[in-house]
Amino acid sequence: MQDTVSDILFPIQDNYLTSLKSDFFSRPQKQVGPNAFKGLATDWFRSTKLNDLQGWDKFKDVDIILGCTHYIESTCLKYGWDIQHLPNEYSYYRINGKQPTQIDDLRAGIPLIISLPTWQYCDIHPDWDKILLICEKKKIDIHIDGAWFQSARNIQMDFDHPNIKSFAMSIGKGIDVQWNRIGIRWSRQKTIDSITLMNELNQIHHTAIACGAYIMKNVEKDYAWNKYADANKRIADRNGLQQTNSCHVLKDDDNQLWGIGQLVAGA
């Protein structure tokens, strides 16, 4: 390969994103209230022009999260870790002793946490329709980790399926703003868990909220693809790789993923 692509899927790095961090910490910042941030963040996530995401309005309960790992952990704790996940999900589950379940072996009545888009496919899971049918039949609640929507394009998703009970998105995947992974969880119905309590007791740190608002006001939702679509294509072409729906990731003919987040700004 001509470029030093990486088997580590680095986020997109450029001078503008780096300057945001130094500017935030070097200048006085205004406090942003939690409710104001919820509105700002919801509008920001929904502002994508490169993805077709439907069904938001059925999820009226909105909470601030400190990244999608916070969302996953809170969901796992709520169910006493009696949850299911599919193969090739994040190592977080394995580290905590939860082994994956094959689609055909999903257990009735046990909640499923799934990442959409998935890191493995940079897309909706190829068996998504089958997963929905099984969850309907076995009365399995679905909770969606949407961290990878941050740098995605061409994703079509309708959240308004009766088995989908919550979904979350954060700002930390795909572009180099991982110094603050704040995000939002949307729930079909309010339930009590650690995220709910942190929001009701005003325990989400105000600096994290102000920082998230600062990033959203200065970085458009589709920043990655709007700025680096051509660079992504050039790197793919000269290295004999294929584009994916994630701007910081390419793949080869064997579906091995290669990170280019450290390259696109100079391509």
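Is Ser115 buried or exposed in this predicted model? At 1% relative accessibility, Ser115 counts as buried, and the legends below start from the whole chain before turning to this serine and to other sites.

**View 1. The whole chain of the predicted model, with its 8 helices and 10 strands.** The C-alpha trace spans about 50 × 50 × 35 Å along its principal axes. A compact globule of 267 residues would have a radius of gyration near 18 Å, and the chain, with 18 Å, agrees with that expectation. Buried residues make up 52% of the 267 residues, while the chain exposes about 12,400 Å², of which carbon and sulfur atoms supply 47%. Of the contacts between residues at least 6 apart in sequence, 71% join residues that are at least 24 apart. The chain carries 30 positive and 32 negative side chains, and the centres of these two sets lie 5 Å apart.

**View 2. Ser115 in strand β3, which covers residues 112–115.** With a relative accessibility of 1%, this serine is buried. Once residues up to four places away in sequence are set aside, Ser115 touches Glu89, Tyr90 and Asp145. The last of these partners, Asp145, is 30 residues away from Ser115 along the chain, yet the C-alpha atoms of the two are separated by 4.4 Å.

**View 3. The cis peptide bond from Leu116 to Pro117.** The omega angle of this bond is near -5 degrees, and Pro117 is found in the loop between β3 and α5, the latter being residues 128–138. For background, most peptide bonds are trans.

**View 4. Helix α3, residues 68–78, and the glycine that follows.** The buried residues of the helix are Cys68, His70, Tyr71, Ile72, Ser74, Thr75 and Cys76. In an α-helix there are 3.6 residues a turn, so residues three or four places apart point the same way. Just after α3, Gly80 takes a positive phi of about 60 degrees.

**View 5. Cysteines in a structure where a search finds 0 disulfides.** Cys76 is buried, with a relative accessible area of 0%, and its sulfur is 13 Å from the closest cysteine sulfur, that of Cys68, which is too far for a bond. Cys211 is also buried, with a relative accessible area of 4%, and for Cys211 the closest cysteine sulfur is again in Cys68, here 16 Å away and likewise too far for a bond.

**View 6. Ser170 in strand β6, which covers residues 164–170.** Ser170 counts as buried, at 4% relative accessibility. Leaving aside neighbours within four places in sequence, Ser170 is in contact with Phe45, Gly67, Cys68, Ala147, Gln150, Arg181, Ile182 and Gly183. One of these partners, Cys68, is among the buried residues of helix α3.

**View 7. Lys139 and Asn154, two loop residues with positive phi values.** Lys139 has its place in the loop between α5 and β4, the strand of residues 142–145, and the phi of Lys139 is near 55 degrees. With a relative accessible area of 65%, Lys139 is exposed. Asn154 lies in the loop between β4 and β5, the latter being residues 156–158, and has a phi near 60 degrees. Asn154 counts as exposed too, at 51% relative accessibility, which is over the 50% cut-off. As a general matter, most residues other than glycine have a negative phi.

Terms used: Residues are numbered from 1 along each chain as its sequence is written. This is a predicted model: local features need pLDDT of at least 70, side-chain atom pairs count only at pLDDT 80 or more; totals for chains, interfaces and linings use all residues. Side-chain values use heavy atoms; hydrogens and water are left out. Helices (H or I, at least four residues) and strands (E, at least two) are DSSP runs, numbered from the N terminus. The radius of gyration is taken over C-alpha atoms; the globule rule is 2.2 Å times the number of residues to the power 0.38. Buried means under 20% relative accessible area, exposed over 50%, partly exposed in between (1.4 Å probe, protein chains only). Contact means heavy atoms within 4.5 Å. Accessible areas come from the Shrake-Rupley method with a 1.4 Å probe; for residues, only the protein chains shown count as cover. Lys and Arg count as positive and Asp and Glu as negative; His and the chain ends are not counted. The place of a charge is taken as NZ of Lys, CZ of Arg, CG of Asp or CD of Glu. A disulfide is a pair of cysteine sulfur atoms within 2.5 Å.
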